[in-house]
Amino acid sequence: MDPIREHELLLTRRHFFGKSAFGVGSIALNSLLRGSLGMGMMGALEALASDNQKFKGRPGLPGMPSFAPKAKRVIVLFMNGGPSQLDLFDYKEKLGEHYDQDLPAEIRNGQRLTTMSSGQARFPVAPSNYKFKKHANNQDGCWVSELLPHTASVVPDLCVIKSMWTEAINHDPAVTYIQTGSQLPGRPSLGAWMSYGLGSMNENLPTYVVLHSKVSSGKVDQALFSRLWGTGFLPSEHQGVSLRSSGDPVLYLSDPHGMEKKTRRSMLDDISKLNEMQLNEFGDPEIAARIKQYEMAYRMQTSVPDLMNLEGETDETFELYGKDSRTPGTFAANCLLARRLAERGVRFIQIFHRGWDQHSNMTGDLPSQCKDVDQASAALIKDLKRTGMLDDTLVIWGGEFGRTVYCQGPLSKENYGRDHHPRCFTMWMAGGGVKPGITYGNTDQFGYNIVDTSGNVLEPSVDTLVPGTVHVHDLNATILHLMGVDHTKLSYRYQGRDFRLTDVHGHVVHDLLK
């Protein structure tokens, strides 16, 4: 126990405000110095303030954002399970010549495998069964699989990263890693960090909203835990709120049958008074978070029904997202809902789509997965673009790792499976300050290792940014940078240590930015 910290927690409200008075001078000084800040910085900060005023949001930490943000909000389309980059984006024209040949030992170079394929007698190369086409972008073009025709139509808006990598080789550590910056559970998620650091743009909706999508194949092998959008040791008010597609979008949001609104308000006022008494006595920040959550839930009784009511959407919009967009809980409906959340000032929105873990039956399952997400992912880009929101909305698509070039299990010309592959995988970003129409990074002729433009294998490092590579810490550092946050300065002291999303790692990949 830290006696100084315990004393701070037990400070009364009077002491708190007395000590806070010393900060008034700093606030006044900051006001006087506003004129010395660059016009670009001031313009961006004033735009954020305008958004906060529009929706009556709450401010973030003092000094946040650290500099002029390029994005105001983030939408993450998370393909849980690990999409096969070799069948979607990372085209290898001559791979067919190596069909059923053993992956050369010098390519694998003794790298570790999962226990699911490490016992195989051989590692036969499995070329993709799907045709690829190069689509024009701002470079020499981007290869996209025939499984993603709608995504191909927005290639000029995409920043496709082929050289993502991670150390995690199994699902839960890998998903936890990219979500929280740690392979071990217990750390705050990216959305929670953003809520903590940047505050809210709308007091009537959560800062961080999570949407779960139905999978048409019904195959959802990998579980998703609420800790993936949790707050860890941050105050619980910053956790992601998961909206349901049937019944109450949030459990127990509606008043019980027979309860009048006036009665509910009176009850909450009384509970708030009791909580404030406890807060004044003990100073526990979780009590303050509880008070805020009660009030948020009360306001959401009005804001959420309005959010979920799609009657005002045009037929043209539904056609853009596809017929599934009329069915609640589908990925298409969730993408449309994400745009509506973004319009209402929700800062961080995450859509999960499960079922991407094709250890076998690739040609049976992958087309169904792509059909679920392809049109709606592209529609979200087009919809944000036509409303002028893409410029300050960062959209991210990808999973926790990629898939191996060698086949797991039986291999035939008609079907194959792929194991987990953390050495290189593909994600894409759009809008929010990233360079449109580019591909970044390269992989070798087998799609197994990251290479430079000359084909030399790169040894990526978590400690140093190797050009052409993007670690998950680098991705999160870059996301925060686009939101105007220096990832090295957004920290929280817990158990005597200052924690941050990127731990002691992470580098902003400026090559991806405008």
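1. A quick word on terms before the cavities: helices and strands here are DSSP runs, numbered from the N terminus, so α15 is simply a helix label in that count. With that in hand, α15 gives the largest share of the lining of the largest cavity, namely three residues.

2. Keep in mind that this is a predicted model. It holds three cavities of 30 Å³ or more, and I've looked at the largest and the second largest below.

3. The largest cavity has about 120 Å³ of space in it. Its lining is made up of 15 residues, and the ones closest to the centre are Val76, Ile178, Gln179, Leu190 and Gln350.

4. Which elements give two or more residues to that lining? Two strands, β1 (73–79) and β7 (348–353), do so along with α8 (171–180), α9 (190–198) and α15 (472–482).

5. As for chemistry, the lining of the largest cavity has 10 nonpolar and five polar residues, with no charged ones.

6. Now the second largest cavity, at about 40 Å³. Pro83, Ser84, Gln85, Leu88 and Phe89 are among the residues that line it, and Trp397, Phe401, Phe425 and Thr426 also belong to this lining. Both α5 (85–88) and β11 (425–430) supply at least two residues here.

7. What does the lining of the second largest cavity look like by class? Six residues are nonpolar and three are polar, while no charged residues turn up.

Key. Residues are numbered from 1 along each chain as its sequence is written. This is a predicted model: local features need pLDDT of at least 70, side-chain atom pairs count only at pLDDT 80 or more; totals for chains, interfaces and linings use all residues. Side-chain values use heavy atoms; hydrogens and water are left out. On a 1 Å grid over the protein atoms alone, a cavity is a set of points where a 1.4 Å probe fits but cannot get out, and a pocket is an open set with protein on both sides within 12 Å along at least five of seven lines; lining residues have an atom within 4 Å of a point. Grid points are joined across faces, edges and corners, and a volume is the space filled by probe spheres set on the points. Helices (H or I, at least four residues) and strands (E, at least two) are DSSP runs, numbered from the N terminus. Ala, Val, Leu, Ile, Met, Phe, Trp, Tyr, Cys and Pro count as nonpolar, Asp, Glu, Lys and Arg as charged, and the others, Gly among them, as polar.
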